[in-house]
Amino acid sequence: MKLLASLTSPYARKIRVILAEKALPFELVVDSPWEANTRIPELNPLGKVPVLITDEGETFFDSPVIAGYLETLGASPALLPPAGLDAVRVRQTEALADGVTDAAVTALLESRRPDGERSEREIARQKDKIDRGLAELERRLDGRHAFNGSPMQLGDIAVAVALGYLDLRFPDIDWRSRHPGLVPFAERMFARSSLRDTQPPAG
Ligand SMILES: N[C@@H](CCC(=O)N[C@@H](CS)C(=O)NCC(=O)O)C(=O)O
């Protein structure tokens with residue numbers, strides 16, 4: 001299977017972490033939807049990474065759908081409980097973490113707009129979402145080792161990737177000081193080889 005991804009995309013990183021945890025072989029095709037010669041819109045009409053092409057030639061996006069597909073391959077460890085309320089709860093953690101990532105991506109794009117077009121108010125609005133999202137994650141974690149019970153699940157990976165993205169793009173937010181309850185969890189997750197090996201390049 002092939003994964004089309006940019007090396008800085010947090011959503012693509014989530015999928016790369018899952019592939020690494022499950023030791024699933026894949027070909028990484030680096031492609032950025034922001035480049036003029038990108039192939040992404042041919043594969044995903046929304047023009048976004050990640051995109052996964054299965055060995056059978058089927059194409060899947062976006063990252064929650066790809067995560068669901070990878071689960072069907074049956075490789076361990078399972079990162080989603082079998083269908084049911086427990087699976088919905090893991091998906092809720094993923095959605096909350098992805099929402100923090102969405103707000104960070106939106107704030108970054110806004111901050112890169114030229115003078116006169118940039119809205120500081122919009123950046124602040126997105127940063128509020130980040131802060132509220134992290135506060136809710138901290139509350140839900142409640143000092144435990146993982147969000148949806150042991151062992152690690154998809155939601156834990158999404159949270160770790162969201163925090164890693166804040167480190168990359170918004171170190172000034174200093175989430176560690178504002179949400180110290182997330183720090184031991186993040187340190188454990190960041191130490192895993194799947195996260196170490198998928199660290200985004202600076203820039
Ligand atoms: N909900 C999507 C979000 C994907 C996404 O926004 N990817 C960004 C890269 S970090 C992208 O490709 N942006 C290009 C664009 O918005 O045109 C997912 O989870 O896969």
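**Figure 1. Antiparallel pairing of strands S1 and S3 in the predicted model.** Strand S3 spans residues 51–53 and runs antiparallel to S1. Three bridges join the two strands. Within this pairing, Leu4 of S1 faces Val51 of S3.

**Figure 2. Parallel pairing of strands S1 and S2.** S1 covers residues 2–5 and S2 covers residues 27–30; four bridges hold them in the parallel sense. Val29 is the residue of S2 that stands opposite Leu4. Between the two strands the chain passes through helix H1 (residues 10–21), and the resulting β-α-β crossover is right-handed. Leu4 thus appears in both strand views, opposite Val29 in S2 and opposite Val51 in S3.

**Figure 3. Edge-to-face aromatic pair of Phe147 and Phe185.** The model contains two aromatic pairs, and the one shown here is formed by Phe147 and Phe185. The ring centres are 5.1 Å apart, with 90 degrees between the planes; the pair counts as edge-to-face because that angle is over 60 degrees. Phe147 belongs to the loop between helix H5 (120–141) and helix H6 (154–169), whereas Phe185 belongs to helix H8 (residues 183–190), so the contact ties together parts that are 38 residues apart in sequence.

**Figure 4. Burial of Phe147 and Phe185.** Phe147 has a relative accessible area of 5%, and Phe185 has a relative accessibility of 2%. Both residues count as buried because their values are under 20%.

**Figure 5. The largest cavity and its lining.** The structure holds one cavity of 30 Å³ or more, and the space in the largest cavity comes to about 30 Å³. Its lining is made up of Thr8, Ser9, Pro10, Arg13, Val161, Gly164, Tyr165 and Pro200. By residue class, the lining divides into four nonpolar, three polar and one charged; the charged residue is Arg13.

**Figure 6. Helices H1 and H6 at the largest cavity.** Each of these two helices supplies at least two residues of the lining. H6 gives the most, with three residues. Helix H1 (residues 10–21) is also the helix through which the chain crosses from S1 to S2, and H6 (154–169) is one of the two helices flanking the loop that holds Phe147.

How values were computed: Residues numbered from 1 in each chain as written. Predicted model: local features only at pLDDT ≥ 70, side-chain atom pairs only at ≥ 80, totals over all residues. Heavy atoms only, no water. Phe/Tyr/Trp six-rings, centres within 6.5 Å; stacked < 30°, edge-to-face > 60°. Buried < 20%, exposed > 50% of the residue type's maximum accessible area, 1.4 Å probe, protein only. Pairing = 2+ DSSP bridges. Right-handed = clockwise from strand over helix to strand, strands pointing away. 1 Å grid on protein atoms, 1.4 Å probe; cavity = no way out; pocket = protein on both sides within 12 Å on 5 of 7 lines; lining within 4 Å. Points joined across faces, edges and corners; volume = space filled by probe spheres on them.
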